[in-house]
Amino acid sequence: MQKSVIKNVIIGGVHKAGTTSLYTYLSWHPQICASNIKETHFFSDGQYQKRYNTYNEFFSRYKSQEYLLEASPEYIYGGQQVTQKIYGYNPNTKLIFILRDPVEKIVSSFNHRKKKLEFEEGFTFENFQKEYLKVSSLEELNLENENEKELLDGSYIDFLPCWFDKFEEKNIKVLFFDDLKENPSNVVNEICKWLEIDNTFYKHKEFTIENKSIGFKSKFLQKSAIALAQKIEPVLRNNYRLKKTLRNIYYKINAQKENKKEYTPSLENLHNLYKNKNQILLEYLKTKNYKTFPFWLDS
């Protein structure tokens with residue numbers, strides 16, 4: 001694996017926590033060269049298909065920017081294998097992890113998978129919860145079952161420490177989805193200061209939600225849009241205005257308003273699964289000098 005001669009910043013987790021939005025915002029910065037596709041999977045294990053053989057091939061737009069940026073949310077779960085690969089490539093890589101309320105993350109993931117047509121029409125989160133999320137503790141999980149395994153992904157304390165063990169604390173930034181959603185400008189400004197790049201660039205920028213999970217009217221149109229988006233992702237990454245225009249047109253044609261009644265089932269059992277893990281995570285982050293936390297962690 002070739003060594004890096006440029007600074008690297010990687011958004012390494014987690015899924016459904018605003019990684020696409022943050023990646024997009026940072027990609028606008030003139031001192032940052034974003035990868036042609038958001039998730040390179042370059043440092044992941046063999047189960048992830050890689051579009052290019054060398055890391056530099058993912059950055060065809062590189063000119064003289066200070067940082068190379070990518071966002072592969074599954075990295076956080078890769079353990080020592082992935083941390084060693086990234087460390088071996090560049091031990092000074094800047095790593096960003098965005099954490100989200102694990103229960104909200106599960107609901108959002110369900111909506112995203114539904115958008116990708118992984119469930120039959122009319123299959124609700126209540127159905128999903130009854131069929132796949134019956135466990136009363138994380139210790140009961142069947143890791144062969146992908147739906148149950150997703151519950152474990154919300155136990156962040158089981159995955160985060162190995163990154164702090166390998167990389168210097170100054171090179172890791174833990175963020176919270178709640179802050180990114182509430183005030184993306186503040187979060188981006190904080191990251192710019194951390195990376196020591198010009199934060200005034202974003203002074204008049206508009207921050208929109210990326211990769212939003214929406215309902216759809218036509219299954220055929222949704223399937224076609226997903227296939228097309230995957231095929232032309234490098235083109236869309238190079239032209240955000242085009243991407244935004246096409247997305248808005250598609251929403252007008254095929255978006256369907258969310259049925260709020262679908263999410264009335266009690267989520268108390270899911271919240272109880274993470275109480276102990278969240279408490280341990282809270283205390284761990286305090287040892288890393290984090291002082292402010294979202295309600296789901298500090299309650």
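In the predicted model, E74 has a relative accessibility of 5% and therefore counts as buried, since the cut-off for burial is under 20%. The residue is placed in the loop that runs between β3 (67-71) and α2 (79-89). When residues up to four places away in sequence are not counted, E74 touches G12, H15, E39, H41, S44 and Y48. With S44, one of these partners, the contact is also polar: the side chains of E74 and S44 are joined at 2.5 Å.

A second buried position is found at S109. Its relative accessibility is 12%, so S109 also falls under the 20% cut-off and counts as buried. S109 belongs to helix α3 (residues 102-115). Residues up to four places away in sequence aside, S109 touches K16 and E150. The side chain of S109 makes a polar contact of 2.4 Å with the side chain of E150. S109 and H15 are 94 residues apart along the chain, yet 7.9 Å separates their C-alpha atoms. H15 is also among the residues touched by E74.

The nonpolar interior was examined next. The largest nonpolar core contains 65 residues, and within this core L22, I96, W163 and L285 touch the most other members. Helix α8 (residues 184-195) provides the largest share of this core, with 6 residues. Apart from this core lies another, made up of 16 residues, including F125, L270, L273 and Y274. For L285, the residues touched are L160, V174, F176, Y290, F293 and L297, again without counting residues up to four places away in sequence.

Empty space in the model was also analysed. Rolling a probe the size of a water molecule over the atoms shows where empty space is left. The second largest pocket has a volume of about 310 Å³. A total of 16 residues line this pocket, and V174, L175, D179, E190 and T292 lie nearest its centre. V174 is also one of the residues touched by L285. Both β5 (172-176) and α8 supply at least two residues of the lining of the second largest pocket, and the largest share, 5 residues, comes from β5. Helix α8 thus appears in two settings: α8 gives the largest share of the largest nonpolar core, and α8 supplies at least two residues of the pocket lining. By class, the lining of the second largest pocket comprises 7 nonpolar, 3 polar and 6 charged residues.

Notes
Residues numbered from 1 in each chain as written. Predicted model: local features only at pLDDT ≥ 70, side-chain atom pairs only at ≥ 80, totals over all residues. Heavy atoms only, no water. Helix = DSSP H or I, 4+ residues; strand = E, 2+ residues; numbered from the N terminus. Buried < 20%, exposed > 50% of the residue type's maximum accessible area, 1.4 Å probe, protein only. Polar contact = N/O pair within 3.5 Å; in protein donor to acceptor, adjacent residues only side chain to side chain. Contact = heavy atoms within 4.5 Å. Core = buried A, V, L, I, M, F, W, Y, C linked by side-chain atoms within 4.5 Å. 1 Å grid on protein atoms, 1.4 Å probe; cavity = no way out; pocket = protein on both sides within 12 Å on 5 of 7 lines; lining within 4 Å. Points joined across faces, edges and corners; volume = space filled by probe spheres on them. Nonpolar A, V, L, I, M, F, W, Y, C, P; charged D, E, K, R; others polar.
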